[in-house]
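Colleague: Got a minute to go through this one with me? Let's bring it up.

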Amino acid sequence: MTTDYRIEQDSMGEFRVPADMYYGAQTARAVDNFPVSGAGFPREFIRALGLIKAAAARANRALHQLDERRAEAIRQAAEEVADGSLDRHFVVDIFQTGSGTSTNMNANEVIANRANEQLGGQVGDKQPVHPNDHVNRGQSSNDVIPTALHVACTEELTRRLLPALAELQAELGRKATEFDDIVKIGRTHLQDATPVRLGQEFGGYASQMAHGIRRLQNTLPHLRELAIGGTAVGTGINTHPQFARHVVAELNRYTNGQFTEAENHFEAQSARDAVVELSGALRVVAVSLMKIANDIRWLGSGPRCGIGEIVLPAVQPGSSIMPGKVNPVIAESVCQVAAQVMGNDLAVSIGGQSGNFELNVMMPLMARNILESLRLLTNACHIFRTRCIAGIIADRRRCEAMVEQSLAMCTSLAPVIGYDLAAQVAKEAWTAGRTVREIVRERKLLTEEQEKTILDARRMTEPGVAAE
């Protein structure tokens, strides 16, 4: 053995462990077994795992399952895990055992060794704190990992994504108010349709975000149900009957959350339906963002040879060969995030089906994808709001000119002069390269007073207005 390693022993025998690391033999074996991606569980998950271990130590102390000295040392070490101080000691690849047992043991070993160090013991000796007997007391990977997943998702959703979506919704709402008096041409099938106000379009975008927020909020009651206390298969073997209640109370104290013990521990451990539900709601938000971002790209296309009804903020040069070119890069970034979230949702959905009898065996995959989706959407909402939406300017003259040129102005003529004659007017205007108003005047199809009313583009955008 070199001085860079120490020898530790687990149930399978001796194994070399790097001397400067807090983890032990079981973690070291997992590192050897799973050299897959080079990435481990996300920080958000490790934070949740640390909080669970700290809460468990407090619960075991209150229930007289651990003495105060051990419980306090475990709590302190677990809180270091939660705050990120020990992140370099979490080394197991995300693509590991489907229960996440390797990472649960990674946490147990790190916390035990750190606690022993604080108590004057030697790293690797498992005394006075043992990773299984003390740190993992009353727990199983099978209830700890799903609990950590729910805690991490709930915190990321409530603390980061929902506020980011609310800010984006508010910004879109401000633009809806700012642009409310700007009449522009509507489009269906990418073809001219009846007029709409630019503010109405942006109001629709704001409503999409509001609906997305409500969909996500609806997932919270299920996410807040925690599997802790079910241990191996949901029966709660080897744990105190009040353990789960105490752990949940401690987690709520740590997080200021509203977590509850699972109504049914067998559902809570064998299925990951709450995570699948959240992923589906995230996919809907991603779809909404892609629709909005693509609309923004099209509305700002140009600057001279596109639609050009809005002007997007210029945030960086757009071409290495075309001087002066500026591209809608923020909207493009948002679209790519949306595509990734949709792909993540497929992986989460497949993972959710992999609950064989009493345990889901794709929890690390689900954790990786759902937490990435939460993080990506949060960041995308922030940059979309601050670097794009907030700086959009409407080109009023362009909007007005395109409305006047549109053949869809004939729509309001149909109830007065009939559909067939209105269609003739549209065809003649198109063939002659003239406006609908010019053809109507030339053919004297309306009185001057009728023309002012019926061909008033703003009036066409008002709900419930019938042509006269």
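**Charge, cysteines and a long separation**

Modeller: Bear in mind that this is a predicted model. One place to begin: Glu-267 is partly exposed, with a relative accessible area of 36%.

Colleague: Which helix is Glu-267 in?

Modeller: Glu-267 sits in helix α10, residues 265-270.

Colleague: And which residues gather with Glu-267 in a patch on the surface?

Modeller: Glu-263, Asp-273 and Glu-277 join Glu-267 there, and the patch is one of negative charge.

Colleague: Switching to cysteines. How many disulfides does a search of the whole structure find?

Modeller: Zero. Take Cys-153: the closest cysteine sulfur belongs to Cys-381, and the two sulfurs are 17 Å apart, so they are too far for a bond. A disulfide needs the sulfur atoms within 2.5 Å.

Colleague: Is Cys-153 buried or exposed?

Modeller: Buried, with a relative accessible area of 0%.

Colleague: What about Cys-305, where is its closest cysteine sulfur?

Modeller: In Cys-399, at 17 Å, so that pair is too far for a bond as well. Cys-305 is exposed, with a relative accessible area of 82%.

Colleague: New topic. Where is Arg-61?

Modeller: Arg-61 belongs to helix α2, which covers residues 43-62. Arg-61 is partly exposed, and its relative accessible area is 30%.

Colleague: What separates the C-alpha atoms of Arg-61 and Phe-384?

Modeller: A distance of 48 Å. Along the chain, Arg-61 and Phe-384 are 323 residues apart.

Definitions and conventions. Residues numbered from 1 in each chain as written. Predicted model: local features only at pLDDT ≥ 70, side-chain atom pairs only at ≥ 80, totals over all residues. Heavy atoms only, no water. Patch = residues over 30% accessible without salt bridge, like charges linked within 9 Å, V, L, I, M, F, W, Y side chains within 5 Å. Areas by Shrake-Rupley, 256 points an atom, 1.4 Å probe, with all protein chains shown as cover. Salt bridge = Lys/Arg side-chain N within 4 Å of Asp/Glu carboxyl O. Lys, Arg positive; Asp, Glu negative; His and termini not counted. Charge placed at Lys NZ, Arg CZ, Asp CG, Glu CD. Helix = DSSP H or I, 4+ residues; strand = E, 2+ residues; numbered from the N terminus. Buried < 20%, exposed > 50% of the residue type's maximum accessible area, 1.4 Å probe, protein only.
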